[in-house]
Amino acid sequence: MKSVFSRWTTKLIIISTSLILIANNGARASDPGACFMKTEDGKTLDLGRLCGITPVKPAKPVDTGIYRIPIKRRSGMTPIIDVTFNGQKTFEMIVDTGASGTLITQSMANALQLEPSGTLRASIADGSIIDLKTSQVKSIGVGGAMVNNVRVAIAPKAEVGLLGHDFFSNYDVKIKENSVEFYRRQKTASSIHPKGVDHQ
């Protein structure tokens with residue numbers, strides 16, 4: 001009986017010593033916590049409460065107001081990027097810094113299940129004036145940058161959509177070699193980035 005008690009005492013001392021060493025070493029990213037022990041079958045037991053350690057929650061990502069999206073390809077010299085509508089559907093669109101509004105293709109309108117709600121008179125590249133049907137989308141997002149409740153024009157013959165200034169209005173745009181960057185404009189102070197569109 002004495003020898004059995006002695007063995008248990010030895011094991012308890014070893015466990016207690018291990019807990020103190022683990023608690024003092026601190027937690028690593030791959031550790032389950034700063035205070036834990038392994039059972040004989042290899043399971044990990046979190047003993048943070050026993051050691052008086054309060055779990056630290058991971059910090060939330062900081063929104064810097066700078067959003068970067070890679071350029072997938074170019075149409076001529078104009079960049080084409082991925083744009084997400086209503087938080088669900090993503091399409092390739094041309095970043096058209098000369099367009100006042102956003103234009104989508106008929107296939108995009110069909111995929112988004114949009115119903116026409118109005119018309120818009122627009123001037124196209126050859127100088128002619130055409131009437132386009134319009135609809136409303138809940139949101140347009142690019143790499144974290146987002147605008148809500150946007151009126152879009154639907155162009156039946158267009159092969160790719162155009163992202164226009166109704167999206168850019170709250171952002172400064174910098175077009176780089178392999179990416180497009182959107183800088184959210186500050187309302188109370190001048191941004192360190194010049195307003196408008198910067199081509200690099």
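Gly-144 is exposed in this predicted model. Its relative accessibility is 56%, and the cut-off for exposed is over 50%, so Gly-144 falls in that class. The residue sits in a loop. Strand E9 (129–142) lies on one side of this loop in sequence, and E10 on the other.

Gly-144 and Phe-182 are separated by 38 residues in sequence. In space, their C-alpha atoms are 9.3 Å apart. Phe-182 belongs to the largest nonpolar core, which has 30 residues. Phe-182 is among the residues with the most contacts inside this core, together with Ile-81, Phe-85, Ile-104, Ile-140, Phe-167 and Val-180. Strand E10 (residues 145–155) supplies the largest share of the core, five residues. Apart from this core lies another, of five residues. Leu-103, Leu-132, Ala-153 and Ala-155 are among its members.

Residues up to four places away in sequence were left out of the contacts of Phe-182. Beyond them, Phe-182 touches Gly-65, Ile-66, Tyr-67 and Ile-69, as well as Ile-81. Val-142 and Ala-145 also touch Phe-182. Further contacts of Phe-182 are Phe-167, Phe-168, Tyr-171, Asp-172 and Val-173.

Thr-134 is part of strand E9. The relative accessible area of Thr-134 is 2%. Buried means under 20%, so Thr-134 counts as buried. Neighbours within four places in sequence aside, Thr-134 is in contact with Glu-115, Pro-116, Ser-117, Gly-118, Thr-119 and Leu-120. Arg-151, Val-152 and Ala-153 are also in contact with Thr-134. Ala-153 is, in addition, one of the residues of the five-residue core.

Definitions and conventions
Residues are numbered from 1 along each chain as its sequence is written. This is a predicted model: local features need pLDDT of at least 70, side-chain atom pairs count only at pLDDT 80 or more; totals for chains, interfaces and linings use all residues. Side-chain values use heavy atoms; hydrogens and water are left out. A nonpolar core is a set of buried Ala, Val, Leu, Ile, Met, Phe, Trp, Tyr and Cys residues joined through side-chain atoms within 4.5 Å. Buried means under 20% relative accessible area, exposed over 50%, partly exposed in between (1.4 Å probe, protein chains only). Helices (H or I, at least four residues) and strands (E, at least two) are DSSP runs, numbered from the N terminus. Contact means heavy atoms within 4.5 Å.
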